[in-house]
Amino acid sequence: MAKLKLRNVDHGKDKNRYCGPSAISAVTGLTSGEAARLIRKQSGKRSVKGTSTPDIRRALKACNIEMHAVPSPEGTRFGRRDGITLARWLKLTRSRGSKIFLIVAGWHWQLVSGRRYVCGITGDIVSIRDKKVKRRA
C-alpha cells in the first residue's frame with residue numbers, strides 16, 4: 001500500500017461542501033463531488049449532508065485505505081459531553097510524526113498530520129496554530 005499524503009481539498013466543478021466528502025478528498029485526491037458519490041454508493045443514502053464513522057470507513061475502504069481507531073491518551077476520554085478538545089488532543093499527542101489522523105471534533109471531520117491541518121472549512125493545508133482551526137471543539 002502506498003504512503004498516504006495530506007492534500008488540499010479539491011472541490012472541482014461538482015462541489016460538495018460538507019466535511020465528510022472534503023476529508024475523503026484531502027486523503028484520496030478525489031474531488032468532493034466524487035467523494036460524495038462514493039459515500040452514496042457505499043451507504044445507499046440519497047444525499048450526503050452528514051456522515052458517520054461507518055460511512056467514512058466504508059468509503060475509505062473502497063479506496064484501499066484502512067482506518068484504525070487510536071486509543072485515547074492516558075486519563076482522557078473521547079466523548080461528546082465529557083471528551084477532550086482538539087487543543088488538548090494536540091497537546092497530548094505531540095509525537096504525531098507523518099501519520100494522518102482523521103478526527104471528528106465539534107461534529108466536524110478534520111485531518112491532522114504532524115503540525116499540518118486540513119478540513120472542509122479551511123480547504124487548504126494550514127498550521128495547527130492557524131486561526132481558522134477550531135481548537136476548542
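**Figure 1. Burial and overall dimensions of the protein chain in a predicted model.** A residue is buried if its relative accessible area is under 20%, computed with a 1.4 Å probe and protein chains only. By this cut-off, 41% of the 137 residues of the protein chain are buried. The model is predicted. The C-alpha atoms fill a box of roughly 40 × 30 × 25 Å along the principal axes. The radius of gyration is 14 Å; a compact globule of 137 residues would have a value near 14 Å, so the two agree. Among contacts with a separation of 6 or more, 35% link residues 24 or more positions apart.

**Figure 2. Surface and charge of the protein chain.** The exposed area is about 8700 Å². Carbon and sulfur atoms supply 49% of that area. Positive side chains number 31 and negative side chains number 9. The centres of the two sets lie 4 Å apart.

**Figure 3. Order of the elements along the protein chain.** The protein chain holds four helices and four strands. From the N terminus on, the order is α-α-α-α-β-β-β-β.

**Figure 4. The open sheet of four strands.** The strand order is 1-2-3-4, and the pairing is antiparallel. Which strands stand at the edges? Strand 1 (101-104) and strand 4 do. Each has a single partner strand, so one side of each is left without a neighbour in the sheet. In a regular strand, side chains alternate between the two faces of the sheet.

**Figure 5. The hairpin of strand 2 and strand 3.** Strand 2 covers residues 109-113 and strand 3 covers residues 116-119. The two strands run antiparallel and are joined by four bridges. Gln110 has Cys119 of strand 3 as its bridge partner. Ser113 stands opposite Arg116 of strand 3. How many residues lie between the strands? The hairpin has two. Gly114 takes a positive phi near 65° in this hairpin.

**Figure 6. The hairpin of strand 3 and strand 4.** Strand 4 spans residues 126-127. Two bridges join strand 3 to strand 4, and the pair runs antiparallel. Arg116 has Ser127 of strand 4 as its bridge partner. Arg116 also stands opposite Ser113. Six residues lie between strand 3 and strand 4. In the turn, Gly123 has a positive phi of about 75°.

Conventions
Residues numbered from 1 in each chain as written. Predicted model: local features only at pLDDT ≥ 70, side-chain atom pairs only at ≥ 80, totals over all residues. Heavy atoms only, no water. Pairing = 2+ DSSP bridges. Rg over C-alpha atoms; globule rule 2.2 N^0.38 Å. Buried < 20%, exposed > 50% of the residue type's maximum accessible area, 1.4 Å probe, protein only. Contact = heavy atoms within 4.5 Å. Areas by Shrake-Rupley, 256 points an atom, 1.4 Å probe, with all protein chains shown as cover. Lys, Arg positive; Asp, Glu negative; His and termini not counted. Charge placed at Lys NZ, Arg CZ, Asp CG, Glu CD.
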